[in-house]
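Colleague: Before we discuss this entry, I should like to understand the terms used to describe it. May I put some questions to you about how each one is assigned?

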Amino acid sequence: MEAPWKAGDTVSAICPHCSDLVTAQYAHRSVRIPRTRLSVRHVLVSVCPTCDAMLALPRQSMAQLREVSVGK
Ligand SMILES: [Zn+2]
């Protein structure tokens with residue numbers, strides 16, 4: 001089983017907005033679920049430190065989103 005990420009962890013990632021390799025930092029954000037009007041607060045995502053774009057959702061956050069979109 002994968003070790004869960006936590007806020008403050010960092011990961012190297014390519015930011016599509018900056019077109020550059022950045023050190024993304026995990027943080028809690030509100031995330032809008034695609035194709036719905038729902039948004040989920042306090043979802044752990046990785047964020048570009050330069051432009052503040054959301055880069056990736058770790059698997060543990062995917063599960064959180066799925067729960068919300070299915071549960072209602
Ligand atoms: Zn960026």
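**Terms and how they are assigned**

Modeller: Ser19 lies in the loop between β1 and β2 (20-32), where a strand is a DSSP run of E with at least two residues, numbered from the N terminus. This is a predicted model in which local features need pLDDT of at least 70 and side-chain atom pairs count only at pLDDT 80 or more, while totals for chains, interfaces and linings use all residues. Residues are numbered from 1 along each chain as its sequence is written.

Colleague: Is Ser19 buried or exposed, and why?

Modeller: A residue is buried if 20 or more other C-beta atoms, placed from the backbone, lie within 10 Å of its own, exposed if 12 or fewer, and partly exposed in between. Ser19 has 7 such neighbours and is therefore exposed. Its phi is near 50°, a positive value in a residue other than glycine.

Colleague: Why does His42 count as exposed?

Modeller: His42 has 11 C-beta neighbours inside 10 Å, so it counts as exposed. His42 is found in strand β3, and its phi, near 60°, is likewise positive in a residue other than glycine.

Colleague: What makes β3 and β4 a pair?

Modeller: Pairing requires at least two bridges found by DSSP. Strand β3 (residues 39-47) is joined to β4 by 2 bridges, so the criterion is met, and the two run antiparallel. Val47 has Met54 in β4 as its bridge partner.

Colleague: Why are β1 and β4 at the edges?

Modeller: The 4 strands form an open, antiparallel sheet in the order β1-β2-β3-β4. β1 (10-15) and β4 (54-56) each have a single partner strand, so one side of each lacks a neighbour in the sheet.
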